[in-house]
Amino acid sequence: MTTYLTDSEGKFIPATQRPDGTWRKARRVRNGYVPQEEVPLYESKGKQFAQRKPTLPPGMCPLAAEQARKEREKQEKLRAKKEAAAATNKQRQLQQQQIPGVLKLPANIDTSATIAATPIANKPSTNIGPKTKTQNSSSNSNHRIINDLAKNLETNLNVADDGQDAQKKLKKLRKKLREIEQIEEKIKNGTLKKPEKDQVEKIKRKKQIQKELKQLEEEQQHQQTTDNEIPSSI
């Protein structure tokens, strides 16, 4: 903001020193002059009306408006907490889902009874009461269930591996058969007059490849039929 001084002749801007040491002369200011940086910004009538317009509805008490605002903020905080809790629960459920290849025990297995019965089975005991017998039978039952689950899991994994190997072998045999058919087509059309040695060997193995391919397809079809007929034991 510009600094003015007043003397007997009126207002004036005093002399000022420049950074290089020289001085600016004092300047007279005529009456009614307003510097550009002090001119107020123009505001339209619409803006002035909006500034004068009350923020609350006509006749509404400011205290009631403040109370309603606090209540609204409280409800928004509660809603945010509920959404955060729901997201956490959903993430926990996704983490608790069974991972492929991980053995998941049934809910009816009493792991505490199994753990408690383990040291008793290792230590000799002369007096076995009804409670101990019940725990031993429960632990034996749990062990049998765990062993069955482990066997079923191992069988399923082996079957899956065999199925993947069969699929790869089928794909490879079909590719070889396509190559042989392409070579035969070229020889038939005359585009390949002198086939190479490996191409001739491929043509000789055509029947063997067809036989292996047919056998694998029959085995795969039989395996799929067996899987559809036998229900899952778990």
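## Salt bridges between helices α4 and α6

E217 has a relative accessibility of 33% and therefore counts as partly exposed. In this predicted model, its side chain forms a salt bridge with that of R174, at 3.3 Å from N to O. The two residues are 43 apart and link distant parts of the chain, with E217 in helix α6 (residues 206-229) and R174 in helix α4. R174 is likewise partly exposed, with a relative accessible area of 35%.

K206 and E184 also meet through their side chains in a salt bridge, at 2.9 Å from N to O. Here K206 belongs to helix α6 and E184 to helix α4, 22 residues apart. K206 counts as buried at 18% relative accessibility, whereas E184, at 27%, counts as partly exposed.

## The sheet and its charged network

Three strands form an open sheet in the order β1-β2-β3, with antiparallel pairing. Strands β1 (5-7) and β3 (27-28) are at the edges and have a single partner strand each, so one side of each lacks a neighbour in the sheet. Strand β2 (residues 10-13) is joined to β3 by two bridges, and F12 stands opposite R28 in β3.

The whole structure contains seven salt bridges. One of them pairs D7 with R28, whose closest N and O atoms are 2.8 Å apart. Because D7 lies in strand β1 and R28 in strand β3, this pair ties together parts separated by 21 residues in sequence. Salt bridges with shared partners join D7, E9 and R28 into one network.

## A positive surface patch

K168, K169, K172, K176 and R205 form a positive surface patch. Of these residues, K169 lies in helix α4 (residues 130-189) and is partly exposed, at 47% relative accessibility.

Notes
Residues numbered from 1 in each chain as written. Predicted model: local features only at pLDDT ≥ 70, side-chain atom pairs only at ≥ 80, totals over all residues. Heavy atoms only, no water. Patch = residues over 30% accessible without salt bridge, like charges linked within 9 Å, V, L, I, M, F, W, Y side chains within 5 Å. Areas by Shrake-Rupley, 256 points an atom, 1.4 Å probe, with all protein chains shown as cover. Salt bridge = Lys/Arg side-chain N within 4 Å of Asp/Glu carboxyl O. Lys, Arg positive; Asp, Glu negative; His and termini not counted. Charge placed at Lys NZ, Arg CZ, Asp CG, Glu CD. Helix = DSSP H or I, 4+ residues; strand = E, 2+ residues; numbered from the N terminus. Buried < 20%, exposed > 50% of the residue type's maximum accessible area, 1.4 Å probe, protein only. Pairing = 2+ DSSP bridges.
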